[in-house]
Amino acid sequence: MLDRRKIRYAYLKQSKRIKNFLLSDKSREFLIFLFFFLIAGGFWLLQTLNNDYETEFSIPVRIKDIPNNVVLTSEPPSELRVRVKDKGTVLLNYMLGKSFFPINLNFADYKGKDNHVKIPAAKFEKKIISQLSVSSKVLSVKPDTLDYIYSTGKSKVVPVRFQGNVTAGLQYYVSDTICTPDSVLAYAPAAILDTVTAAYIRGVDLENISDTIRQQVALATVRGVKFVPNMVELTFPVDIYTEKTVEVPLHGVNFPADKVLRAFPSKVQITFKVGMKSFLSVKESDFVINVSYEELLKLGSDKYTVKLKSFPRGISQIRIVPEQVDFLIEQVSTDGN
């Protein structure tokens with residue numbers, strides 16, 4: 001354990017050294033020099049920033065209230081590059097503290113020939129100037145014209161299709177892929193709309209998930225097509241595997257009226273993996289083992305390899321015990337003989 005007295009002594013000794021240094025003549029001279037240096041630097045900076053400079057800023061552009069049946073086949077630029085001249089102090093304020101609001105253009109306010117809209121910079125320059133200081137001068141706006149092409153499309157409902165890779169962790173499984181909504185409206189010119197059969201989501205890649213996941217996912221863009229809505233919610237329910245065993249009888253089918261199937265044993269055990277949510281709902285009646293008369297005649301032996309004709313969805317790793325059963329085709333008497 002450290003001695004408190006030694007720590008106190010070391011602290012006092014170090015404090016005395018620092019005090020002696022700060023009170024020394026050389027230290028005082030250095031601090032005085034530093035003080036006047038900072039004052040001179042501040043005056044120089046103010047004088048420098050008081051001069052005029054030029055710089056360029058970026059302002060976002062948004063087109064609002066686009067009707068659902070309008071498809072932008074040629075997108076306008078997403079931002080304007082504005083070159084401004086002003087004193088350095090004002091420009092420094094733009095760079096450090098000023099945030100520019102997007103230039104919002106209402107679709108209905110602008111018309112074009114043959115669905116080609118051209119908006120000169122003069123139309124929205126007032127919206128730019130209103131965000132600047134009175135002393136600032138706009139030297140240039142690039143591009144000097146915003147233009148875009150649109151088409152008015154017909155619509156139809158198309159299903160949403162999943163694409164991607166989703167895997168569950170050990171002992172878990174993804175029981176379903178739920179898309180909400182499961183269909184969307186597609187708007188496009190008639191020639192393009194005929195080729196659209198589905199809306200595909202952007203690729204999803206999830207690995208080793210162990211709990212239900214919900215995600216908002218954008219639909220993949222298709223040139224000349226507009227999907228409404230363009231976002232869907234994907235849900236991946238995750239369940240944990242458990243094992244269950246049921247006993248299922250063998251049924252003879254297509255047997256003549258005077259013959260029946262005798263199997264030894266008459267029932268087999270079917271063991272499988274199933275999710276906890278479906279454990280109670282899966283019953284032996286969901287499994288069917290049909291043994292056809294014709295198939296037995298072709299075997300040439302008294303051993304039959306058991307095969308499932310049908311079984312419920314959502315189960316895996318099915319095992320049948322025993323895999324083979326002994327059988328015989330028994331002759332029975334019929335009424336009237």
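Entry 1. Before looking at any residue I wrote down that exposed means over 50% relative accessible area, and I noted that what I have is a predicted model.

Entry 2. I began with the backbone at Asp65, which has a positive phi of about 55 degrees although it is not a glycine. I kept in mind that most residues other than glycine have a negative phi. Looking up where Asp65 sits, I found it in the loop between β1 (52-64) and β2 (70-74). Is Asp65 buried or exposed? The relative accessible area of Asp65 is 54%, and because the cut-off for exposed is over 50%, I entered Asp65 as exposed.

Entry 3. I then turned to Asn254, another residue that is not a glycine and that has a positive phi, here of about 65 degrees. Asn254 lies in the loop between β18 (238-253) and β19. With a relative accessible area of 56%, Asn254 is exposed.

Entry 4. Next I looked up peptide bonds, remembering that most of them are trans. The bond that joins Thr180 and Pro181 is cis, with omega at about -5 degrees, and I located Pro181 in the loop between β11 (178-180) and β12 (183-188). The peptide bond from Phe264 to Pro265 is cis as well, with omega near 0 degrees, and Pro265 has its place in the loop between β19 (259-264) and β20 (267-275).

Entry 5. Having met β11 beside Pro181 in that loop description, I asked which sheet it belongs to, and in what order the strands come. β11 is part of an open sheet of three strands, in the order β11-β17-β15, with antiparallel pairing. The edge strands are β11 and β15 (213-218), each of which pairs on one side only. Neighbouring strands of this sheet are turned against each other by 25 degrees on average, with direction ignored. Between β11 and strand β17 (residues 231-236) I noted three bridges in the antiparallel sense, and in this pair Cys179 stands opposite Leu234 in β17.

Entry 6. I followed β19 in a similar way, since its name had come up for both Asn254 and Pro265. How many bridges join β19 to strand β24 (residues 324-331)? I recorded six, and the two strands run antiparallel. Within this pairing, Leu261 stands opposite Ile329 in β24.

Entry 7. Finally I looked at what else β24 pairs with, and found strand β22 (residues 303-305), joined to β24 over three bridges in the antiparallel sense. Here the bridge partner of Lys303 is Asp326 in β24.

Note on methods: Residues are numbered from 1 along each chain as its sequence is written. This is a predicted model: local features need pLDDT of at least 70, side-chain atom pairs count only at pLDDT 80 or more; totals for chains, interfaces and linings use all residues. Side-chain values use heavy atoms; hydrogens and water are left out. Helices (H or I, at least four residues) and strands (E, at least two) are DSSP runs, numbered from the N terminus. Buried means under 20% relative accessible area, exposed over 50%, partly exposed in between (1.4 Å probe, protein chains only). Two strands pair if DSSP finds at least two bridges between them. Axes are lines fitted to C-alpha atoms, for helices over the stretch in contact, and angles run from 0 to 180 degrees between N-to-C directions.
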